[in-house]
Amino acid sequence: MNDQVQVLVADDHPVFRSGLRALLATDPAVIVVGEAATGTEAVAATARERPDVVLMDLNMPELDGVAATAQILQSNPQVAIVVLTMFDDDDSVFAAMRAGARGYLLKGTNQADILHAVHAVATGGAVFGPAVAQRVL
């Protein structure tokens, strides 16, 4: 059995994907199993790689992050999805939650909190950044 949390990074910005990959590589309990630059790629890569966690941007070409989240969870309900985005408006937050996301963080979130979120959702938890959590409550 693999003790590492397997993560797929889905974001349309190559520099941001690279930064997330570098951050995740600092944790020996995490392995990046794939990347996606579009929502369509995220759905296909999740089906292929079967990650434990998907870090999902909302604003992506072809298929937005909310639609990609819903499609992924329809066929892979065991996957934990954490939205990592610039959007902190109520519509985005609640759309992601309705689609099944188990976490919602803003891209300004510190690195330790992103790593914590990956581990938390991989073990069945839910994680929302402070500003998002206040709205949800």
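Biologist: How many helices and how many strands does the protein have?

Modeller: The model is a predicted one, and the count is of secondary-structure elements along its chain. Read along the sequence, these elements follow the pattern β-α-β-α-β-α-β-α-β-α-β-α. The totals for the protein are 6 helices and 6 strands.

Biologist: What radius of gyration does the protein have, and how does that agree with a compact globule?

Modeller: The C-alpha atoms fill a box of roughly 35 × 30 × 30 Å, taken along the principal axes. For 137 residues, a compact globule would have a radius of gyration near 14 Å, and the value for the protein agrees with this, because it is 13 Å.

Biologist: Which share of the contacts with a separation of 6 or more comes from residues 24 or more positions apart?

Modeller: As background to the packing, 47% of the 137 residues count as buried. The protein exposes about 6,600 Å², of which carbon and sulfur atoms supply 55%. Within the contacts that have a separation of 6 or more, residues 24 or more positions apart account for 65%.

Biologist: How far apart do the centres of the positive and negative side chains lie?

Modeller: The two sets consist of 8 positive and 16 negative side chains. Taking the centre of each set, the distance between them is 4 Å.

Biologist: Which element gives the largest share of the largest nonpolar core?

Modeller: This core has 21 residues, and those that touch the most other members are Val7, Leu20, Leu24, Val53, Leu55, Leu105 and Val118. Two or more residues come from each of β1 (5-10), α1 (14-25), β2 (30-36), β3 (53-56), β4 (80-85) and α5 (111-122). The largest share, 6 residues, comes from α5.

Biologist: Which residues does Leu24 touch, not counting residues up to four places away in sequence?

Modeller: Leu24 is one of the core residues that touch the most other members. Leaving out residues up to four places away in sequence, the residues touched by Leu24 are Val7, Val9, Val30, Val32, Leu55, Leu115 and Val118.

Biologist: How many residues does the second, separate core have?

Modeller: The second core is separate from the one to which Leu24 belongs. Its members include Met60, Leu63, Ile72 and Leu73, and its size is 15 residues.

Biologist: Is Tyr104 buried or exposed?

Modeller: Tyr104 is found in strand β5, residues 103-106, and among the residues it touches are Leu58, Val82, Phe87, Val93, Val127, Phe128 and Val132. It also touches Ser92, and the C-alpha atoms of Tyr104 and Ser92, 12 residues apart along the chain, are separated by 9.7 Å. Because its relative accessibility is 1%, and the cut-off for buried is under 20%, Tyr104 counts as buried.

Biologist: Which residues of helix α4 are buried?

Modeller: Helix α4 covers residues 90-99 and is followed by Gly100, whose phi is positive, near 115 degrees. Within the helix, the buried residues are Ser92, Val93, Ala95, Ala96 and Ala99.

Biologist: What separates the C-alpha atoms of Ala36 and Asp11 in space?

Modeller: Ala36 has its place in strand β2 and counts as buried at 1% relative accessibility. Leaving aside neighbours within four places in sequence, Ala36 is in contact with Val9, Ala10, Asp11, Arg17, Glu41 and Ala42. Although Ala36 and Asp11 are 25 residues apart along the chain, their C-alpha atoms are separated by 6.3 Å.

Biologist: What phi does Arg50 have?

Modeller: Most residues other than glycine have a negative phi. Arg50 is found in the loop between α2 (39-49) and β3, and with a relative accessible area of 46% it is partly exposed. It is not a glycine, yet its phi is positive, at about 50 degrees.

Biologist: Where is Glu62, and what phi does Glu62 have?

Modeller: The place of Glu62 is in the loop between β3 and α3 (65-75). At 62% relative accessibility, Glu62 counts as exposed. Glu62 is not a glycine, and its phi is positive, about 75 degrees.

Biologist: How far apart in space are Ser75 and Leu24, C-alpha to C-alpha?

Modeller: Ser75 is found in helix α3 and is exposed, with a relative accessible area of 52%. Ser75 and Leu24 are 51 residues apart in sequence, and their distance in space, C-alpha to C-alpha, is 26 Å.

Technical notes: Residues numbered from 1 in each chain as written. Predicted model: local features only at pLDDT ≥ 70, side-chain atom pairs only at ≥ 80, totals over all residues. Heavy atoms only, no water. Helix = DSSP H or I, 4+ residues; strand = E, 2+ residues; numbered from the N terminus. Rg over C-alpha atoms; globule rule 2.2 N^0.38 Å. Buried < 20%, exposed > 50% of the residue type's maximum accessible area, 1.4 Å probe, protein only. Contact = heavy atoms within 4.5 Å. Areas by Shrake-Rupley, 256 points an atom, 1.4 Å probe, with all protein chains shown as cover. Lys, Arg positive; Asp, Glu negative; His and termini not counted. Charge placed at Lys NZ, Arg CZ, Asp CG, Glu CD. Core = buried A, V, L, I, M, F, W, Y, C linked by side-chain atoms within 4.5 Å.
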